[in-house]
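New to this one? Have a look at the sequence and the fold first, and then we can walk through a few spots together.

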Amino acid sequence: MHATVLYGERDVRFEDRPDPAILEPTDAIIRLPVTCICGSDLWPYRGIQAVTSPAAMGHEYCGFVEEVGSDVRSVTPGQFVIGSFFASDNTCPHCRRGYQTSCERSQPVVGAQAPRMRVPLADGTLVGTRDVPDADMIPSLLALSDVMGTGWFAAEAARVQPGATVVVVGDGAVGLLGVLSAKQMGAERIIAMSRHASRQILAREFGATDIVTERGTEGVERIEQLTHGVGADSVLECVGTQESMLQAIAATRPGGAVGYVGVPHGVSLDGRSLFFSHVHLHGGPAPVRRYLPQLIDLVFSGTINPGKVFDLVLPLQQVAEGYRAMDERRAIKTLLRPS
Ligand SMILES: [Zn+2]
């Protein structure tokens, strides 16, 4: 098969790779009707995260089970399944507490920008749908694998409650789906921080009530104005830079909470400022597996349509253009179709 490999900065190749095979009796092989590029794939693409050897790319996936190892019990060939970007056994103490991305046996899932892939720990990682989804529902199910689950975790970590005032920092796919998540959790006011017209439109469609275009200190001042000097109850930090993290904490009211899901790059916090802020911090790699059954139901019932974040669709062989479009912010998120 042909699949996506990153060789170095801005060097994405679509090239011949060995077909995935069952390596462990707990593995499954799935066929991917669609796949996509993640905002986090841009860190190595831009050279901010070093690429030391050619890397099979892609960690968001849903599709049809083709083959399972001899120990797999919960999924069967032909079934439609969705999994998280981290494989987990779903039985260890951390999984049972709902933190599957901290599973004692956790391992990253890679190689999803391909027609087929291997998923380790299939019983713990994959969640099957009751019915085979309609084709138009599949992009929304794909979004659950990472960006929707991550936006949901951001909102939960930020303790979004009915009636709350929420700020979302970051207008990438995760931030936009953080807006959607906060809306689902009953937030009354959702302030999206965004400078891009197309993203502002989608933010409003997902439930944003206000848009703030200022950043940094000016952004914080604007939030203070909008909240009559109080600050937000909940702030979702969906970027991962020093500026975005400080902005998130400063926009939160005493006793409020920041849910941070942007992978930190160069973030360091001053203990004394944090101490006097009275802000709760919770975040990390989203335990997407915990939310999959609930989010699958919300997609099947038509309550949410997170697949709207895909604003560029390309054949998989044009994956390099998909990266360029996201790097240049011409696209929010690229959907890829294996032929
Ligand atoms: Zn576990």
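What follows is a short tour of a metal site, the cysteines, a pocket and one loop residue.

## The zinc site

Keep in mind that this is a predicted model. A good place to start is the zinc ion, which is coordinated by Asp 89 through OD and by Cys 92, Cys 95 and Cys 103 through SG, at 2.1 to 2.3 Å. Along the chain, these donors follow the spacing D-x2-C-x2-C-x7-C. Cys 92 sits in the loop between β8 (86-87) and α2 (93-96), while Cys 103 sits in the loop between α2 and β9 (107-108), so the pair, 11 residues apart, links distant parts of the chain.

What is the arrangement of the four donor atoms around the zinc ion? It is tetrahedral, because the angles they subtend run from 94 to 122 degrees. For comparison, the ideal angle for four tetrahedral donors is 109.5 degrees.

As for how much of these cysteines you could reach from outside, Cys 92 and Cys 103 are both buried. Cys 95 is buried too, with a relative accessible area of 3%.

## Cysteines and disulfides

How many disulfides does the structure hold? The count is zero. A disulfide, after all, is a covalent bond between the sulfur atoms of two cysteines.

Take Cys 238 as a case. The closest cysteine sulfur to its own is in Cys 38, and that is 12 Å away, so the two are too far apart for a bond. The cut-off for a disulfide is 2.5 Å between the sulfur atoms. Cys 238 also counts as buried, because its relative accessibility is 13%, and buried means under 20%.

## The second largest pocket

Now for some open space. The second largest pocket holds about 290 Å³. It is lined by 19 residues, and those closest to its centre are Arg 17, Pro 20, Val 110, Gly 111 and Arg 118.

Among the strands, β1 (2-8), β9 and β10 (116-119) each supply at least two residues of this lining. β10 gives the most, with three residues. Sorted by class, the lining has 12 nonpolar, three polar and four charged residues.

## A stop at Gln 318

Last on the tour is Gln 318, found in the loop between β18 (312-315) and α12 (319-327). Is Gln 318 buried or partly exposed? Gln 318 is partly exposed, because its relative accessible area is 39%. Its C-alpha atom is separated by 9.4 Å from that of Arg 337, which lies 19 residues apart from Gln 318 along the chain.

Note on methods. Residues are numbered from 1 along each chain as its sequence is written. This is a predicted model: local features need pLDDT of at least 70, side-chain atom pairs count only at pLDDT 80 or more; totals for chains, interfaces and linings use all residues. Side-chain values use heavy atoms; hydrogens and water are left out. Buried means under 20% relative accessible area, exposed over 50%, partly exposed in between (1.4 Å probe, protein chains only). Donors are N, O and S atoms within 2.8 Å of the metal (3.2 Å for Na, K and Ca); water is not among the atoms, so sites may look incomplete. Four donors count as tetrahedral if all angles lie between 85 and 135 degrees; four count as square planar and six as octahedral if opposite donors are over 155 degrees apart and all others between 65 and 115; anything else is irregular. Helices (H or I, at least four residues) and strands (E, at least two) are DSSP runs, numbered from the N terminus. On a 1 Å grid over the protein atoms alone, a cavity is a set of points where a 1.4 Å probe fits but cannot get out, and a pocket is an open set with protein on both sides within 12 Å along at least five of seven lines; lining residues have an atom within 4 Å of a point. Grid points are joined across faces, edges and corners, and a volume is the space filled by probe spheres set on the points. Ala, Val, Leu, Ile, Met, Phe, Trp, Tyr, Cys and Pro count as nonpolar, Asp, Glu, Lys and Arg as charged, and the others, Gly among them, as polar.
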